[in-house]
Amino acid sequence: MLTIFNFKNKLSIHEQLDLLKLFNEGNVKTELIISPIIPVNDNEYSFSIASQNIAIKGRNVGDLTCEHLNYYNIKYAFIGHLERQKFLNETKDIIRSKIKQTLVENITPIICFGKDKNYIAEIHQLLSGIQFQGKEIILAYEILSATLSGKRTTV
């Protein structure tokens, strides 16, 4: 089983570490990926790290490039957060560019979707023209109303 925690800034460091401890002590075998980076990564916990975003090389100040992620051995990156689409006008073309870049650089993209009501069409648009045979991709459903309000929403 694959479990991804996108902590953002919703949980305190203490709450994040308690959750990691719970998963590491549990009986469920899972590959655990967390984002953003928690400032503890020793032998006590077993998880991989995911970047919250990936830069288009040469364009974004402050965002990490695939080169940065590879240097730090970070193998996952979220792409297309709904907040970035809504508030930073991140288009499907930009998202596709980021997906292509990660695949070339052997970073596994965690592709966010949930903006459109027709999820299948949205995923098709995001992956259109991308050669990902033999590569791993992860699709992450976000609930648009919860994402934009910052509140929990049930499906």
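Colleague: Before we look at any helix, what does "buried" mean here?

Modeller: Buried means under 20% relative accessible area, while exposed means over 50% and partly exposed lies in between. Keep in mind that this is a predicted model. In helix α5, the buried residues are Glu122, Ile123, Leu126 and Leu127.

Colleague: How are those buried residues of α5 arranged when seen down the axis?

Modeller: The general idea comes first: an α-helix has 3.6 residues a turn, so residues three or four places apart point the same way. Now the case at hand: the buried residues of α5 fall within an arc of 125° seen down its axis, so they line one face of the helix. The face turned away from that buried side carries the exposed residues Ile120 and His124.

Colleague: And which elements do the buried residues of α5 pack against?

Modeller: They pack against α4, β5 and β6. Just beyond the helix, α5 is followed by Gly129, which has a positive phi, near 80°.

Colleague: Lys92 caught my eye in α4. Which residues does Lys92 touch?

Modeller: Lys92 sits in helix α4, which covers residues 92-104. Leaving aside residues up to four places away in sequence, Lys92 touches Asp116, Gln125 and Leu126. Leu126 is one of the buried residues of α5. You can also compare sequence and space: Lys92 and Gly80 are 12 residues apart in sequence and 8.1 Å apart from C-alpha to C-alpha.

Colleague: Let's turn to aromatic rings. How many aromatic pairs does a search of the whole structure find?

Modeller: Four aromatic pairs turn up. To read one, take the distance between ring centres and the angle between planes; planes over 60 degrees apart count as edge-to-face. For Phe113 and Tyr119, the centres are 6.0 Å apart and the planes are at 70°, so this pair is edge-to-face.

Colleague: Are these two rings in buried or exposed residues?

Modeller: Phe113 is buried, at a relative accessible area of 11%, and Tyr119 is partly exposed, at 34%. Tyr119 has another partner: its ring centre is 5.2 Å from that of Tyr141 and the planes are at 75°, so that pair is edge-to-face too. It links distant parts of the chain, with Tyr119 in helix α5 (residues 119-127) and Tyr141 in strand β6 (residues 138-141), 22 residues apart. Tyr141 counts as partly exposed, at 37% relative accessibility. Together, ring pairs link Phe113, Tyr119 and Tyr141 into a cluster.

Colleague: Now a charged side chain. What does the side chain of Arg84 make a polar contact with?

Modeller: With the side chain of Glu90, at 3.1 Å. Arg84 lies in helix α3, residues 82-87, and counts as buried because its relative accessibility is 17%, below the 20% cut-off.

Colleague: Stepping back, what pattern does the protein chain follow along the sequence?

Modeller: The chain has six helices and six strands, in the order β-α-β-β-α-β-α-α-β-α-β-α. Of its contacts with a separation of 6 or more, 65% are between residues 24 or more positions apart. Buried residues make up 38% of the 155 residues. The accessible surface is about 9,600 Å², and 53% of that belongs to carbon and sulfur atoms.

Colleague: Where is the mean pLDDT lowest and highest among the elements?

Modeller: Helix α6 (residues 144-149) has the lowest mean, 61, and strand β5 (residues 108-113) the highest, 95. Across the chain, the average pLDDT is 82, and 82% of the residues score at least 70.

Conventions
Residues are numbered from 1 along each chain as its sequence is written. Side-chain values use heavy atoms; hydrogens and water are left out. pLDDT is the predictor's confidence in each residue, from 0 to 100. Helices (H or I, at least four residues) and strands (E, at least two) are DSSP runs, numbered from the N terminus. Rings of Phe, Tyr and Trp (its six-membered ring) pair if their centres lie within 6.5 Å; planes under 30 degrees apart count as stacked, over 60 as edge-to-face and the rest as tilted. Buried means under 20% relative accessible area, exposed over 50%, partly exposed in between (1.4 Å probe, protein chains only). Contact means heavy atoms within 4.5 Å. A polar contact is a pair of N or O atoms within 3.5 Å; within protein, one must be able to donate a hydrogen and the other to accept it, and residues adjacent in sequence count only if both atoms are side-chain atoms. Accessible areas come from the Shrake-Rupley method with a 1.4 Å probe; for residues, only the protein chains shown count as cover. The arc is that of the directions from the helix axis to the C-beta atoms.
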